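The following exercises are to be worked with the sequence and the model at hand. Each task is followed by a solution in steps.

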Amino acid sequence: MPGDARRVAQAVLERMHESIWVEEQPLLVAPSVGIALFPRDGDTVETLLKNADAAMYAAKRAGRGTCRFFEMDMSEEATRTLQIQQAVREALDKDYFSLHFQPKFYGHDGALAGAEALLRLNHPTLGLLSPAEFISIAERNGQIVPIGYWVVREACRQIRRWQAQDFQRTKVAIRLSPRQ
């Protein structure tokens, strides 16, 4: 049965690899296929769909145009990803984001050159998440732009506070998504 599923998935991938023409323009599609098998990977429609979805995301991470079968560790990873997605959705409204400022120094004399604003997400149950855990999720779900605006506003507020304390020439580097 896994062999049959793999053959069907490969046929779909090969067929989808061909260009699709829309209004005289070729569109290239690079699908990813996730497979969950009954009863090995679940015995309800909901479980099978959830596990096939986890396998599909693993296929996407491996490179478009690939196929992956569900494995148990994918379920744990999918659960973690869903938790982080929810945390990112709530973060702006519930004040879970914070900026940390890493000082930058000149190499030749060690003088302060400025700072880099580093975004962190501190969730009450998931703890402190690094950008590596949540930025790609925020980009995929469209929340990166409002998060970027928040980062710029908060960095500007901090710069104003430093200026009020006579740190007049503080330069701050801010990383923004290319979507901004």
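**Exercise 1.** Determine whether Phe101 is buried, partly exposed or exposed, and describe its ring pairing with Trp162.

*Solution.* Step 1: the classes are set by relative accessible area, with buried under 20%, exposed over 50% and partly exposed in between (1.4 Å probe, protein chains only). Phe101 has a relative accessible area of 24% and is therefore partly exposed. Trp162, at 17%, is buried.

Step 2: rings of Phe, Tyr and Trp (its six-membered ring) pair if their centres lie within 6.5 Å; planes under 30 degrees apart are stacked, those over 60 are edge-to-face, and the rest are tilted. By this rule there are three aromatic pairs. One of them joins Phe97 and Trp150, with 5.8 Å from centre to centre and 40 degrees between the planes, and is tilted. Phe97 belongs to strand S5 and Trp150 to helix H5 (residues 144–164), and the two are 53 residues apart. Phe97 and Trp150 are both buried. For Phe101 and Trp162, the ring centres are 5.1 Å apart and the planes stand at 75 degrees, so this pair is edge-to-face.

Step 3: Phe101 lies in strand S5 and Trp162 in helix H5, so the pair ties together parts 61 residues apart in sequence. Helices (H or I, at least four residues) and strands (E, at least two) are DSSP runs numbered from the N terminus.

Step 4: ring pairs also link Phe97, Phe134 and Trp150 into a cluster.

The model is predicted: local features need pLDDT of at least 70 and side-chain atom pairs pLDDT 80 or more, whereas totals for chains, interfaces and linings use all residues. Residues are numbered from 1 along each chain as its sequence is written, and side-chain values use heavy atoms, without hydrogens and water.

**Exercise 2.** Compare the span of H2 with the expected value, and state what its buried residues pack against.

*Solution.* Step 1: the expected span is 1.5 Å times one less than the number of residues. For the 18 residues of H2 this gives 26 Å, and the end C-alpha atoms are 25 Å apart, which agrees.

Step 2: the buried residues of H2 are Leu48, Asn51, Ala52, Ala54, Ala55, Met56, Ala58 and Ala59. By contact (heavy atoms within 4.5 Å), these buried residues pack against S3, strand S4 (67–69) and H3.

Step 3: Gly63 follows H2 and has a positive phi, near 125 degrees.

**Exercise 3.** Locate the residues other than glycine with a positive phi, Glu24 and Asp95, and the cis peptide bond before Pro39.

*Solution.* Step 1: most residues other than glycine have a negative phi, and most peptide bonds are trans.

Step 2: Glu24 has a phi of about 65 degrees and sits in the loop between strand S1 (20–22) and strand S2 (25–27). Its relative accessible area is 72%, so Glu24 is exposed.

Step 3: Asp95 has a phi near 60 degrees and lies between helix H3 (72–94) and strand S5 (97–105), in the loop. Asp95 is likewise exposed, at 61% relative accessibility.

Step 4: the peptide bond joining Phe38 and Pro39 is cis, with omega about -5 degrees. Pro39 is in the loop between strand S3 (33–35) and helix H2 (45–62).
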